[in-house]
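Open the model in your viewer and switch to a cartoon view. Keep the selection panel at hand for the stops below.

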Amino acid sequence: MVIKEVYRKVEEKTKKSIEGLIHEFSALRTGRASQSLIEHIKVEYYGSLVPINQVANVAVPDARTIEIKPWDKSVIKEIEKAILKSDLGVTPLNDGKVIRLVIPSLTEERRKDLVKVVKRTGEKYHISARNIRREEMEVLKNAEKRKQISEDDLYQGEEHIQKMIDESIKKIDEIVARKEKEVMEV
């Protein structure tokens, strides 16, 4: 029973870790337009701060442009202010009905810097996976010391956890490689 619970925890923690990596990478600007670039921006709307996608329709008509079409035209100035205050580094083009964000191409130097960020982030998630392995193997060792599981169960459990962590690290590496390729595309 202890072993199944440990396996479940490893699976749950590694899944959350991989989701965290994907989410972190979605906010990384790669020179390509994406709705995820602006989803963190909050707009002042009738006294509350709300996500931009709750006051406007957000579309990506091409690889370099994000269009924001507010449902209520009176909020267009607030959207523009929120974008300017954000760390996006893009100047909004406002025609009174639609705000367009033109994502500039990245320089070669900036691409290389972003690849370094991608690799550092990937390494952070590798460390996270190794920490999960260490914590859960410790749980198994303690269970064996308390005679809740046999020595054979401990050995098999450690082997299975290692396989699960190896699989998780493989997925992390695939995600990192995809992001590196995306960053280096011109």
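In which sense do strand 4 and strand 6 pair, and over how many bridges? Select residues 99–102, which make up strand 6. The pairing with strand 4 is antiparallel and runs over 4 bridges. Keep in mind that this is a predicted model. Now show Glu67 and Arg100: Glu67 stands opposite Arg100, which belongs to strand 6.

Next, select residues 65–70 for strand 4 and residues 56–62 for strand 3. These two strands run antiparallel, joined by 5 bridges. Together they form a hairpin, with 2 residues between them. Pick Asn57 here, and look across to Lys69 in strand 4, which stands opposite.

Zoom out to the sheet. It is open, has 4 strands and follows the order 3-4-6-5, with antiparallel pairing. Which strands stand at the edges? Strand 3 and strand 5 (93–94) do; each has a single partner strand, so one side of each lacks a neighbour in the sheet. Strands of a sheet pair through backbone hydrogen bonds.

Add residues 76–85, helix 2. Helix 2 lies across strand 3, strand 4, strand 5 and strand 6. Against strand 6, helix 2 runs at about 20 degrees.

Last stop: residues 108–145, helix 3. Helix 3 has 38 residues. From first C-alpha to last, helix 3 reaches 56 Å, close to the 56 Å expected at 1.5 Å a residue. Then select Lys147, which follows helix 3. The phi of Lys147 is positive, near 65 degrees.

Technical notes:
Residues are numbered from 1 along each chain as its sequence is written. This is a predicted model: local features need pLDDT of at least 70, side-chain atom pairs count only at pLDDT 80 or more; totals for chains, interfaces and linings use all residues. Side-chain values use heavy atoms; hydrogens and water are left out. Two strands pair if DSSP finds at least two bridges between them. The expected span of a helix is 1.5 Å times one less than its number of residues. Contact means heavy atoms within 4.5 Å. Axes are lines fitted to C-alpha atoms, for helices over the stretch in contact, and angles run from 0 to 180 degrees between N-to-C directions.
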